[in-house]
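Here are my notes on the model you sent over. Have the viewer open while you read, since the points go from place to place in the fold.

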Amino acid sequence: MLTEHQLISELAQIAEASEVVDQRTRNIYLGAGWFNEDQQNILMQGYQALKANPTINDIYVPLLNQYGGQVIEADGDFEPDFEWGTMTYKADITAMNNADLIVAFIDAADPDSGTAFEVGYMTASNKPAILVTVGDRNEHPVNLMLSYGAVSNVDLATEGFAALEKFDFTNIAMKKWTGAIL
């Protein structure tokens, strides 16, 4: 598993290497956990696919915008305090307010509570939520507040990351949830 510093470095390289394409039009808030190796790999591959999408202008990744440039390492010295937590929360709320929509990576077997909050916030703000699910949706039902709250969804198991490169974020097609729900 990558350290948070390594993951930030990898994501920054993807951002720098992405080709600038004219006529990108939507600003995306990217919600995702990065707390295990699988989540990190999905975040990096998904971010890379989204950066290749010509209908996206900008992608806000909370991990790339940590308050004070601080990062939390599992075995590091940094201990988040009230100031860091408050400012991180406020920065993410501001970024969601500035975004047109959220693309949220949800691990069906272990959904991240922060990402679930972000989906709820964006939905309550009348901004579209696109769920990108990882894992078997029938073996691991997804909470109906997430699955039915989203206007569209991508199942990585059947559609792969290529679906994110081709997704039209300027004219979002409604897509019915398929899979079990809680």
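The numbered points below cover the strands, the cavity, the aromatic pairs and one backbone oddity.

1. First, a reminder: this is a predicted model. Please read each value below as something computed from predicted coordinates.

2. I'd start with β4, residues 129-134. This strand is mostly covered, with six of its six residues buried. A129, L131 and T133 point one way from the strand, while I130, V132 and V134 point the other way. Both sets are buried, so colouring by accessibility won't tell you which face you are looking at, as every one of these residues falls under the 20% relative accessible area that counts as buried.

3. Who are the neighbours of β4? On one pairing there is β3 (residues 101-107), which runs parallel to β4 over six bridges. Two places to check the register are I102, whose bridge partner in β4 is A129, and A104, which stands opposite L131. The other pairing is with β5 (residues 152-155), again parallel, this time through four bridges. There, V132 has V154 as its bridge partner.

4. The connection between β3 and β4 deserves a look too. Helix α4 (residues 113-124) sits between these strands in the chain, and the three elements make a right-handed β-α-β unit.

5. Now β3 itself. Six of its seven residues are buried, so the strand is largely enclosed by the rest of the structure. Besides β4, β3 also pairs with β1 (residues 26-31), in parallel and by four bridges. For the register here, take L30, which has V103 as its bridge partner in β3.

6. F105 is a handy landmark in β3. Its relative accessibility is 6%, so F105 counts as buried. If you want a distance to compare with another model, the C-alpha atoms of F105 and I59 are separated by 14 Å, with their positions 46 residues apart along the chain.

7. On to empty space. How many cavities of 30 Å³ or more does the structure hold? There is one, and the largest cavity contains about 90 Å³ of space. Its lining is made up of A32, G33, Q39, I42, F105, I106, D107, D110, P111, D112, T115 and V134. The elements giving two or more residues to that lining are α2 (37-51) and β3. The biggest contributor is β3, with three residues. By character, the lining divides into six nonpolar, three polar and three charged residues. If you plan to look at the charged part, the aspartates in the list are D107, D110 and D112.

8. Next, the aromatics: a search of the whole structure finds five aromatic pairs. In one of them, the ring centres of Y29 and Y60 are 5.5 Å apart and the planes meet at 20°, so the pair is stacked. This pair links distant parts of the chain, since Y29 belongs to β1 and Y60 to β2 (residues 56-60), 31 residues apart. Y29 and Y60 are both buried.

9. Another pair is Y89 with F117, which is tilted, at 6.3 Å centre to centre with 40° between the planes. Y89 lies in helix α3 (residues 82-98) and F117 in α4, so the contact ties together parts that are 28 residues apart in sequence. Buried or exposed? Y89 is at 48% relative accessibility and counts as partly exposed; F117, at 40%, counts as partly exposed as well. Together with Y121, these two residues form one aromatic cluster.

10. Finally, the backbone oddity. Most residues other than glycine have a negative phi. N126 has a positive one, near 60°. Where is N126 found? The residue is in the loop between α4 and β4. N126 has a relative accessible area of 72%, so it is exposed. I'd put this residue on your list of places to look at by eye.

How values were computed
Residues numbered from 1 in each chain as written. Predicted model: local features only at pLDDT ≥ 70, side-chain atom pairs only at ≥ 80, totals over all residues. Heavy atoms only, no water. Buried < 20%, exposed > 50% of the residue type's maximum accessible area, 1.4 Å probe, protein only. Pairing = 2+ DSSP bridges. Right-handed = clockwise from strand over helix to strand, strands pointing away. 1 Å grid on protein atoms, 1.4 Å probe; cavity = no way out; pocket = protein on both sides within 12 Å on 5 of 7 lines; lining within 4 Å. Points joined across faces, edges and corners; volume = space filled by probe spheres on them. Nonpolar A, V, L, I, M, F, W, Y, C, P; charged D, E, K, R; others polar. Phe/Tyr/Trp six-rings, centres within 6.5 Å; stacked < 30°, edge-to-face > 60°.
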